[in-house]
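Trainee: I've got a model open and I'd like to talk through its sheets and chain contacts. Can we take it step by step?

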Amino acid sequence: MKEEIIIAGFGGQGVLSMGKILAYAGLMQGKEVSWLPAYGPEQRGGTANVTVIISDDKISSPILNTYNTAIILNQQSLDKFESKVKPGGRLIYDPYGITKAPTRTDIEVYSTAAMDKALELNAAKSFNMFILGGFLKLCPIVDIEHVMLGLKKSLPERHWNLLPQNEEAIKTGMEIISKR
Amino acid sequence: MTKEDIIKEENLVYKKPTLLNDKTMHYCPGCSHGVVHKLIAEVIEEMGLQDKAIGISPVGCAVFAYKYIDIDWQEAAHGRAPAMATAIKRLLPDRLVFTYQGDGDLAAIGTAETIHACNRGENIVVIFINNAIYGMTGGQMAPTTLEGMKTSTCPYGRDVTLNGYHLPITNLIAQLEGARYVTRQSVHTAAAVRNAKKAIRKAFENAMEPVKKGASFVEIVSTCNSGWKMSPEDANKWMTENMFKAYPIGDLKNN
Amino acid sequence: MSEEVRLMKGNEALAEAAIRCGCDGYFGYPITPQSEVMETLMKLKPWETTGMVVLQAESEVASINMVYAGAGCGKRIMTSTSSPGFSLMQEGVSYIAGADIPALVVNVMRGGPGLGTIQPSQADYFQTVKGGGHGDYKQITLAPNSVQEMADFVGLGFDLAFKYNILCVILADGLIGQMMEKVVLPPYQPRRTEEEIRKQCPWATLGRTPDRDINVITSLELEPEPMERRNIALQAKYALIEKNEVRYDEFMTDDAEYLIMAFGSAARICQKAVEVSRKQGIKVGLLRPITLFPFPYNRIKEHLSHIKGILSVEYNAGQMVEDIRLAVEGKVKVEHFGRTGGIVPTPGEVVDALKNQIIK
């Protein structure tokens, strides 16, 4: 099995760290993984994206033409990556900040009101975990146990008290995602 | 009385340090380099540091310093000696690591390396021969060339509108927290030679202290009689009358 | 767990590997996309564990001269930089070659010329393989294509450097430096004692002991005849390296009618392109040089009996392709496909280029 994912949005939305958690989870589950960010000034507030591949077999190219899954968190990323989803693949997006919804009909499109939910629950810092939860519901390529280990690995120890809150956000994320 | 009666230990009044070998130096007659080489060799020998000393020779007249003093040496790219000394001292903290540099090497192309090594407080010694001219390449203008002084690249005299001012880099070094001992000496008289030797000794002693307390920087205001186109005697006179005004002799800092 | 499996960026893996490989000193200057190397070292504080020295220099000019000096003491010394910094280092690189001493330099390439871009590139192939500094010299050049190789090539690079008293360059690119993958870190190897260094490197300037003559690290020789003798000795060393140290990797080349050649991360993309092409019935294989100097000229020649064409895929305007043409000597078609400016081609673009430029 192989899952090829692009996660794209603004810097600061937790795009890179969401990818990192997935990659860690995959690694700890004994899979081959690659995590390739678009690096540079993007880290400082511009657009950010990361390609994550989780596979049972050795990964050849960490760069891809097309993806199984696109997780889209802003309009620019939607414009850029909607066409790059493989036919039959899936696109997950948060309508918050999206002005022109996806139009493709040969892929499965899901929306998750993660930002609204995060604001409602006063948990804006867990925004990316709501999104991650939605993805894991659709594509359980890694199990939640390993995701939590991955989260622990990517958080500094002083923030481990936030782990339960994030786990909660992942679970809520699984509930709020819906097919368009 | 025969020759053998005279050559006896108790009659010895002067002896070349054994670390200074018998190779014929390439320096011009009257040049200050030979005297400073001898002082370095003497101090290393007196301190018993033959096995511990690592010198860095520059690009400039002293490029072949390694031919004359029998210790381990590295030959630097132009200006980079303080960076090299930094690495060696950090890797081998119990060694005596010193650079031997001219004015072009230290104060023009190597200004960054000089300032940063001193500013990091490296426990090294910088010996700086300032004769206000590029000797090896044939007498071109140096950063320390005095205003009005003639060289092959300022044949009508250093013009500040064209070339800026002489650079008193030792004064800059003295401002740095990382520089511990900064002094300016000369070797044109027996008394001056004695003082210069004391300064070199103090710098080497500093650098052998196990605790890193900062860089030691010894400028030797020197002559270049061939570059200056003067007799050795006239060069010494010109130095005392002109160079010492711009570069006054004495300690700038002694912590 | 006997071996340590980690998820790391290439740059981080390289730094970890340096500590584990008994490196004595790292001297560097920050530049994107490889600043994580020094950041990782500073965070790990190896001076408190293995005794490795780590220092942020005032420039790449200073850091390469620190490498030169440390190497002159027989120590295992390295630096890392990216393209503009590597240009600044060419002075020291040439001196290291001239003085016959071993050291390791990592260039995580970015796009140029000039300040260029911080995105991945392979445009420093010529600079590294043909000699970017002055004088007749070569350096062993290793091109890693994974985070694992970023870690593995540190130890290999030091071993080769000390085997031949030569500079070894790890020529990586921003993609390998910045991506995270699974990596198995090498086991800890102690730093050599001074006694071991004196034995392995009798030329090292560690301070003169009474049992030997003085040691001098220099590349200066004013007399033409001895200078030529030095050059002849250098060339003999390079010839020996060309004989002994060629390394490459192949994928599906046995029955190949066409070859793709690529190094570093481009080879990963090309492997995918080979997989895609094979599904379409195109018999293509991948030949990946691991050493760029020495270059696998002979291996290419061996393939000429059964292939019709070679596509060289590089993140540049066509550099390695010239070496491939030297090997091929006009016998089959050799074309270059590349993107520049920090753009990395996708596997699909490579497949299209293979069809359009080679197969037609």
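Mentor: Sure. One definition to start with: two strands pair if DSSP finds at least two bridges between them. And keep in mind that this is a predicted model.

Trainee: OK, which residue does B:Trp73 stand opposite in E9(C)?

Mentor: Start with the strands: E2 of chain B, residues 72-75, pairs with E9(C) in the parallel sense. Two bridges join them, which just meets the cut-off of at least two. Within E9(C), the residue opposite B:Trp73 is C:Val216.

Trainee: Which element gives the most to the side of chain C that touches chain B?

Mentor: In total, 31 residues of chain C are in contact with 27 residues of chain B. On the chain C side, the elements giving two or more residues are strands E2 (25-28), E3 and E9 (216-217), plus helices H3 (60-72) and H5 (90-99). With seven residues, the top contributor is H3(C).

Trainee: And how many residues on that side of chain C are charged?

Mentor: Split that side by residue class and you get 15 nonpolar and 11 polar ones. The charged residues number five.

Trainee: Now the nine-stranded sheet: which strands stand at its edges, and why is one side of each left without a neighbour?

Mentor: The order is E7(A)-E6(A)-E5(A)-E4(A)-E1(A)-E3(A)-E2(A)-E8(C)-E1(C), an open sheet with mixed pairing. Each edge strand has a single partner strand, so one side has no neighbour in the sheet. Those strands are E7 (177-179) of chain A and E1 (5-9) of chain C.

Trainee: Where chain A meets chain C in that sheet, which residue stands opposite A:Trp35?

Mentor: Look at E2 of chain A (residues 32-37) and E8 of chain C (residues 180-184), which run antiparallel and are joined by two bridges. In E8(C), the residue opposite A:Trp35 is C:Met180.

Trainee: What angle does helix H4 of chain A make with E6(A)?

Mentor: H4, residues 127-138 of chain A, packs on that sheet. There H4 touches strands E4 (67-72), E5 (85-93), E6 (108-112) and E7 of chain A. Relative to the direction of E6(A), the helix runs at about 145°.

Trainee: Last one: in the seven-stranded sheet of chain C, which residue stands opposite C:Thr141?

Mentor: That open sheet goes E3-E2-E4-E5-E7-E6-E13, with mixed pairing. In it, E6 (residues 140-142) and E7 (residues 167-173) of chain C pair in the parallel sense over three bridges. Opposite C:Thr141, in E7(C), is C:Val169.

Notes:
Residues are numbered from 1 along each chain as its sequence is written. Chains are lettered from A and ligands numbered from 1 in the order in which they are written. This is a predicted model: local features need pLDDT of at least 70, side-chain atom pairs count only at pLDDT 80 or more; totals for chains, interfaces and linings use all residues. Helices (H or I, at least four residues) and strands (E, at least two) are DSSP runs, numbered from the N terminus. Two residues are in contact if their C-beta atoms, placed from the backbone, lie within 7 Å. Axes are lines fitted to C-alpha atoms, for helices over the stretch in contact, and angles run from 0 to 180 degrees between N-to-C directions. Ala, Val, Leu, Ile, Met, Phe, Trp, Tyr, Cys and Pro count as nonpolar, Asp, Glu, Lys and Arg as charged, and the others, Gly among them, as polar.
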